[in-house]
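Trainee: Could you walk me through reading a structure like this one, feature by feature? I'd like to begin with charged side chains.

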Amino acid sequence: MKLPKIPELAIFVGFLIVSTVVVMVLGVKYGGPLIKVEAANIHSLLSMVGIENALVGNMIYLPGERMTFEITWECSGMFSILLYTVVYFAIPKLRRRLWEYLIGVSVIYLLNLGRIFLAIYAYHTFGEGAFSLLHYTIGPLLMFTVVVLLLASAFVKSLRPN
């Protein structure tokens with residue numbers, strides 16, 4: 001297995017860093033509609049499972065717990081989608097298929113939606129400790145693992161002959 005040359009690796013890492021900063025800046029400036037969609041989706045999911053909640057902009061209020069959750073740009077899953085996108089298009093000799101890429105982005109988005117929903121559900125059911133564990137530890141680890149698995153799947157498919 002041939003390792004990438006240091007300049008290529010440095011360019012790739014630099015591209016990841018710059019892309020992350022650009023997405024963060026664009027998200028803060030123009031991400032409002034996406035955040036509101038995310039909050040509305042989580043509000044609907046919570047209502048479907050019988051958790052009383054109120055949606056105000058990008059805030060979800062649980063009156064029974066007297067707790068408000070703010071859905072922010074970081075909650076949208078865009079960092080995971082960005083990581084997937086950058087690496088997907090940066091891997092040399094990868095056979096890229098639009099449907100494969102779109103399925104990957106959709107899986108990441110839906111998983112992230114589930115991550116936020118489950119974290120709030122855990123808060124409602126088990127308390128703050130369960131929320132913190134899911135939201136700050138298990139959730140991000142799961143998101144990263146799924147991105148790696150999606151990229152590995154695309155890479156393995158590219159190794160097979162047509």
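Mentor: Happy to. Keep in mind that this is a predicted model. Look for lysine 157 and glutamate 100, whose side chains meet in a salt bridge with a distance of 3.9 Å from N to O. The partners come from distant parts of the chain: lysine 157 belongs to helix α5 (residues 128–159) and glutamate 100 to helix α4 (residues 98–126), with their positions 57 residues apart.

Trainee: How many salt bridges does the structure hold?

Mentor: Just that 1 salt bridge. The pair counts because the nitrogen-to-oxygen cut-off is 4 Å, and the distance here is 3.9 Å.

Trainee: Is glutamate 100 buried or exposed?

Mentor: Buried, with a relative accessible area of 7%. Lysine 157, on the other hand, is partly exposed at 30%. The labels follow from the cut-offs, because buried means under 20% and exposed means over 50%.

Trainee: Which residues is glutamate 100 in contact with, leaving aside its neighbours within four places in sequence?

Mentor: You'll find Tyr84, Tyr88, Arg95, Ala154 and Lys157 there. Lys157 is the salt-bridge partner we just met.

Trainee: Tyr88 is on that list. What should I look at when I read its ring?

Mentor: Check the distance between ring centres, then the angle between the planes. For tyrosine 88 and phenylalanine 89, the centres are 5.1 Å apart and the planes stand at 80°, so this pair is edge-to-face. The cut-off behind that word is an angle over 60 degrees. Tyrosine 88 is buried, at 0% relative accessible area, while phenylalanine 89 is partly exposed at 45%.

Trainee: Which kind of aromatic pair do tyrosine 88 and tyrosine 101 form?

Mentor: A tilted one, with 5.6 Å from centre to centre and 45° between the planes. Tyrosine 88 sits in helix α3 (residues 78–90) and tyrosine 101 in helix α4, so the pair ties together parts 13 residues apart in sequence. Tyrosine 101 counts as buried too, at 15% relative accessibility.

Trainee: How many aromatic pairs are there by this rule?

Mentor: The count comes to 10. There's also an aromatic cluster to find, made up of Phe69, Tyr123, Phe131 and Tyr136.

Trainee: Now the nonpolar core. Which residues of the largest one touch the most other members?

Mentor: Of its 32 residues, those are Ile42, Leu46, Leu62, Ile71, Tyr84 and Ile120. Next, ask which elements feed the core: α2 (32–48), β2 (59–62), α3, α4 and α5 each supply at least two residues. Helix α4 gives the most, with 10 residues.

Trainee: Take isoleucine 71 from that group. What is it in contact with, beyond neighbours within four places in sequence?

Mentor: The contacts of isoleucine 71 are Ile35, Glu38, Ala39, Ile42, Asn58, Ile60 and Ile116. Ile42 is also one of the core residues that touch the most other members.

Trainee: And how do I read empty space?

Mentor: The general idea is to roll a probe the size of a water molecule over the atoms, which shows where empty space is left. Here, try the second largest pocket, which holds about 250 Å³ of space. Its lining has 13 residues, and Glu74, Ser80, Arg115, Pro140 and Met143 lie nearest the centre.

Trainee: Which helices supply at least two residues each to that lining?

Mentor: They are α3, α4 and α5. Helix α5 gives the most, with 5 residues. While you have Arg115 on screen, find isoleucine 138 in helix α5. Arginine 115 and isoleucine 138 are 23 residues apart in sequence, and 8.9 Å separates their C-alpha atoms in space. Isoleucine 138 is partly exposed, at 39% relative accessibility.

Trainee: Let's zoom out. How many helices and strands does the protein have?

Mentor: There are 5 helices and 3 strands. Reading from the N terminus, the order is α-α-β-β-β-α-α-α.

Trainee: What percentage of the residues count as buried?

Mentor: That comes to 33% of the 162 residues. For the reach of contacts, take those between residues at least 6 apart in sequence: 62% of them join residues at least 24 apart. The salt bridge between helices α5 and α4, with its partners 57 residues apart, is a handy example of a link between distant parts of the chain.

Note on methods:
Residues are numbered from 1 along each chain as its sequence is written. This is a predicted model: local features need pLDDT of at least 70, side-chain atom pairs count only at pLDDT 80 or more; totals for chains, interfaces and linings use all residues. Side-chain values use heavy atoms; hydrogens and water are left out. Helices (H or I, at least four residues) and strands (E, at least two) are DSSP runs, numbered from the N terminus. Buried means under 20% relative accessible area, exposed over 50%, partly exposed in between (1.4 Å probe, protein chains only). Contact means heavy atoms within 4.5 Å. Rings of Phe, Tyr and Trp (its six-membered ring) pair if their centres lie within 6.5 Å; planes under 30 degrees apart count as stacked, over 60 as edge-to-face and the rest as tilted. A nonpolar core is a set of buried Ala, Val, Leu, Ile, Met, Phe, Trp, Tyr and Cys residues joined through side-chain atoms within 4.5 Å. On a 1 Å grid over the protein atoms alone, a cavity is a set of points where a 1.4 Å probe fits but cannot get out, and a pocket is an open set with protein on both sides within 12 Å along at least five of seven lines; lining residues have an atom within 4 Å of a point. Grid points are joined across faces, edges and corners, and a volume is the space filled by probe spheres set on the points.
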